[in-house]
Amino acid sequence: MVEGAERQSWGDATREALQRKGLRNGGARRTVIDLLAEQDCCLTAQEIFDRLRESGRRVGIASVYRVLELLSSEGLVQRIDLGSGISRYEPIHSGGDHHHHLVCNTCGRVEAFEDPRLERALVGVEAASGYLVAGHDVVLHGACADCR
Ligand SMILES: [Zn+2]
Ligand SMILES: [Zn+2]
């Protein structure tokens, strides 16, 4: 659930986190962060590159990868592998808001889902395991409604 008002946006939180580290938010970094801040699901580096080009923002693919590496290493973006061998990238929200993914093995469609019961079940697994769990990925693979 989103409690909106006083919660800082991912884009603002990310720019501030980099500034605290003494990293400037110019050029490619600013452009990629702005684009990611508008997304509600994960994108590949190629998709990010294509969308930037479509909107007339010229950032090289190597720069896109560099920014994504930085954001991943700073814990601001999650790298997700949905089984295609191509990494996808998704903003990490500080409040813990997140979703999981359904992947169509036929057409490659990726959809997001959220399920509070699943989250509660995973908390239960953590408690029973004795592990201090830092995060989790859940990916359901199969055929989407159009391909099944
Ligand atoms: Zn997603
Ligand atoms: Zn979850």
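Below, a colleague questions a modeller about a predicted model of a protein with a zinc ion.

Colleague: How many helices and strands does the protein have?

Modeller: Read along the sequence, the pattern is α-α-β-α-α-β-β-β-β-α-β. The secondary structure comes to 5 helices and 6 strands.

Colleague: What share of the protein's residues is buried?

Modeller: The C-alpha trace spans about 45 × 40 × 30 Å along its principal axes. The protein has 148 residues. Buried means under 20% relative accessible area. The buried share is 30%.

Colleague: Which residues are the protein donors of the zinc ion (ligand 1)?

Modeller: The donors lie 2.0 to 2.6 Å from the zinc ion. Their spacing along the chain is C-x48-E-x8-H-x1-H. Glu90 is listed with OE twice. The residues are Cys41, Glu90, His99 and His101.

Colleague: How many residues apart are Cys41 and Glu90?

Modeller: Cys41 sits in the loop between α2 and β1 (43-44). Glu90 is in strand β3. The pair links distant parts of the chain, and both residues are buried. Their separation is 49 residues.

Colleague: Is His99 buried or exposed?

Modeller: His99 is placed in the loop between β3 and β4. Its relative accessible area is 16%. The cut-off for buried is under 20%, so His99 counts as buried.

Colleague: Which side chain does a polar contact of 3.0 Å join to that of His99?

Modeller: His99 touches several residues beyond four places away in sequence, including Asp40, Cys41, Phe113 and Glu90. A polar contact of 3.4 Å joins the side chains of His99 and His101. At 3.0 Å, the partner of His99 is Glu90.

Colleague: How much space lies in the largest pocket?

Modeller: The lining has 45 residues. Closest to the pocket centre are Ile92, His93, Gly96, Asp97 and His98. The elements that give two or more residues to the lining include α1 (10-20), β3 (87-91) and α5 (116-129). The space is about 1100 Å³.

Colleague: How many residues of that lining are charged?

Modeller: The lining of the largest pocket divides into three groups. Nonpolar residues number 19 and polar ones 18. The charged residues number 8.

Colleague: What percentage of the contacts with a separation of 6 or more joins residues 24 or more positions apart?

Modeller: Contact means heavy atoms within 4.5 Å. The count takes in contacts in the protein with a separation of 6 or more. Residues 24 or more positions apart account for 50%.

Technical notes: Residues numbered from 1 in each chain as written. Chains lettered and ligands numbered in written order. Predicted model: local features only at pLDDT ≥ 70, side-chain atom pairs only at ≥ 80, totals over all residues. Heavy atoms only, no water. 1 Å grid on protein atoms, 1.4 Å probe; cavity = no way out; pocket = protein on both sides within 12 Å on 5 of 7 lines; lining within 4 Å. Points joined across faces, edges and corners; volume = space filled by probe spheres on them. Helix = DSSP H or I, 4+ residues; strand = E, 2+ residues; numbered from the N terminus. Nonpolar A, V, L, I, M, F, W, Y, C, P; charged D, E, K, R; others polar. Donors = N, O, S within 2.8 Å, 3.2 Å for Na, K, Ca; no water. Buried < 20%, exposed > 50% of the residue type's maximum accessible area, 1.4 Å probe, protein only. Polar contact = N/O pair within 3.5 Å; in protein donor to acceptor, adjacent residues only side chain to side chain.
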